[in-house]
Amino acid sequence: MFGRRKERTGAVRQTTGQDLELAHTKEPKEAASHPHKQHHPVFNHNGHKVTKGIHPDGESGRKGVHPHHFLRISARSASKLSMAVNVLWPFVPAAIVVRYARPEAHLWIFVLNYIAIVPTANLIGFAGQELARKLPKVFGVLVETFLGGIVEIVLFMVLLTKNNDDPASEKYNNFIPVIRAAILGSILANVLLCLGCCLFAGGLRRDEQDFDAAVSEVGSGLLMTAGFGLMIPAAFFTSLSGNTTVDLDPEQLTDKVLTISRVTSVILLVAFLLYSWFQMRSHHGIYDAVLEMDDARDQDRHKDLKKAKLTLTECILALLISITLVCLHAVFLVEGVEYIVEERHVSDSFIGLILIPLVEKAAENLTAVDEAWDNQINFALAHVLGATIQTALLNGPLVVIVGWGVHKAMSQDLNFDIFNAVILILAVIVAGNFLRDGKSNYLEGALCILIYIIIAIASFSYPNPIHGAAGTSKASLATGAGAEGGHKIRFLK
């Protein structure tokens, strides 16, 4: 009761300063007789009657689908950065046409579909944000973060279904190294690039930004836990692959690593469910207070409140259209990966660690950077750390479990090579150190971005294993080791 009264008072004070008095706000008569119940106002800040179950901030004042309003609001997007991305929409039909009209133009198909994913992913992010406005604060942020990860899940699943790691097959396509690299690349893109851009953007307008420990400590702790869990199968394989004191042939070692990966994936999924319950149910009050505080210091809140909003039906329609297009472009993009690797000599590591995460995280990054720029650093961290945790605890393990279910898991495990394992752990440690003191500035953001650039340069030079080399076992296929015990790797020309 008291928290709600305080929230209303804060809202009135804030909007008064912005000439947005809640003059139309009226409480139901039942509120006086039931003071323990919390009710939304009958009318919101724009004078729109609030629909039952819809948060006042997300009320559009309309119902159904209105094509003109739908297109105008979607084109406006969430911020100026997101609106600028919408100029890439012409690449969407162009990518589809080239795919069917010139199927032999592999490079053009890859490039056009790579670019086309950016505006479609941006629409997913915007529709998710509009939907989140209509929900309670914490639940809305979780839903928005999950929808932002849809592109990642789609790309992972397409890579998995297109994978054929039998060297004897005419349709040999071993995308497992790309999937492994993409799992870690998504984490790196969030904890280094996106986090760095948020800290840098927020630090440009103020000396320091303060964020709440409820967001930073829980997030960094879960990141360390997830990194530890993801690295266990790799540590197990590395310690036993060259160990002459144990009687274990490569096939047995591969089976054991695969079993450990599956069990670890199930445990990480349980950790994700616990994390979601912690945020939405048992400790949601803490996060509600933190996010309400961020709303109060949002420098553009009065403008956001005045903006026209999508209806619930329009949000769902936008999500259906954008997810369908993302799936289509993801399939076309993956079809060109083999050409890019074999003919253009781009490494699996660079595609997985850098190229795929950049395009799949574009919309999330723009949203988080805009929030940090508007002094909503807790919202920005919630999106950055939430997306990272989702990749580590949900999306990555989900690939292993789905591969297990569709019998494409003989090589899909969590056996990351040493290069990927080391940079993941170091990235988590660096991000945790920057978040430890509860303050940030542009220097910390710039350092995170520079570290990411160094990793990108190293991954571009990282050699590919010789897939399907004679005498190469399944265990050695993932690491580049041949039957003779040496490392068979192909350096890029």
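Start by selecting helix H17, residues 362–373, in this predicted model. Colour its buried residues and you'll light up Ala362, Ala363, Glu364, Asn365, Leu366, Thr367, Ala368, Val369, Glu371 and Ala372. That is 10 of the 12 residues of H17, so the helix is largely enclosed by the rest of the structure. Now put a distance on the end C-alpha atoms of H17: they are 17 Å apart, and at 1.5 Å a residue the helix should span 16 Å, which agrees. Step just past the end of H17 to Asn375, where phi turns positive, at about 70°.

Zoom out for a moment. The protein chain has 21 helices and four strands, and 52% of its 493 residues are buried. If you draw the contacts between residues at least 6 apart in sequence, 78% of them join residues at least 24 apart.

Next stop, the core. In soluble globular proteins, nonpolar side chains tend to be buried together. Here the largest nonpolar core has 107 residues, and the ones to select are Leu188, Cys198, Leu230, Ile351, Leu393 and Phe416, which touch the most other members. Show helix H9 (residues 176–205) as well, since you'll want to see the element that gives the most to this core, with 18 residues.

Stay with Leu230 and ask the viewer for its surroundings. Which residues does Leu230 contact, leaving aside neighbours within four places in sequence? You should get Ile187, Leu268, Ala392, Leu414, Phe416 and Leu424. Phe416 therefore turns up twice, as one of the core residues touching the most other members and as a contact of Leu230. Then hop to a second, separate core of six residues, with Val138, Val141, Leu142 and Leu291 among them.

Now for the rings. The structure holds six aromatic pairs. Select Tyr100 and Phe332: this pair is edge-to-face, with 5.7 Å centre to centre and 85° between the planes. The two rings come from distant parts of the chain, Tyr100 from helix H5 (residues 91–101) and Phe332 from helix H14 (residues 312–335), 232 residues apart. Turn on the surface and check each partner. Is Tyr100 buried or exposed? At 56% relative accessibility, Tyr100 counts as exposed, whereas Phe332 is buried, with a relative accessible area of 3%.

For another geometry, go to Phe419 and Tyr462, a stacked pair at 4.8 Å centre to centre and 20° between the planes. This pair also links distant parts of the chain: Phe419 sits in helix H19 (residues 418–435), and Tyr462 in the loop between helix H20 (442–460) and strand S3 (464–465), 43 residues apart. At 27% relative accessibility, Tyr462 counts as partly exposed.

Before leaving the rings, go back to Tyr100 and add Arg99. The charged end of Arg99 sits over the Tyr100 ring, 5.1 Å from its centre.

Last, colour by pLDDT. The chain averages 78, and 77% of its residues reach 70 or more. Among the elements, H5 has the highest mean, 95, and helix H21 (residues 474–477) the lowest, 39. Two stretches fall below 50. Residues 1–37 are one of them, and the model gives this stretch 35 contacts beyond near neighbours in sequence. Residues 468–493 are also below 50, with 54 such contacts. Where pLDDT is low, the predicted coordinates should not be read in detail.

Definitions and conventions
Residues are numbered from 1 along each chain as its sequence is written. This is a predicted model: local features need pLDDT of at least 70, side-chain atom pairs count only at pLDDT 80 or more; totals for chains, interfaces and linings use all residues. Side-chain values use heavy atoms; hydrogens and water are left out. Helices (H or I, at least four residues) and strands (E, at least two) are DSSP runs, numbered from the N terminus. The expected span of a helix is 1.5 Å times one less than its number of residues. Buried means under 20% relative accessible area, exposed over 50%, partly exposed in between (1.4 Å probe, protein chains only). Rings of Phe, Tyr and Trp (its six-membered ring) pair if their centres lie within 6.5 Å; planes under 30 degrees apart count as stacked, over 60 as edge-to-face and the rest as tilted. A charge sits over a ring if NZ of Lys or CZ of Arg is within 6 Å of the ring centre and within 35 degrees of the ring normal. pLDDT is the predictor's confidence in each residue, from 0 to 100. Contact means heavy atoms within 4.5 Å. A nonpolar core is a set of buried Ala, Val, Leu, Ile, Met, Phe, Trp, Tyr and Cys residues joined through side-chain atoms within 4.5 Å.
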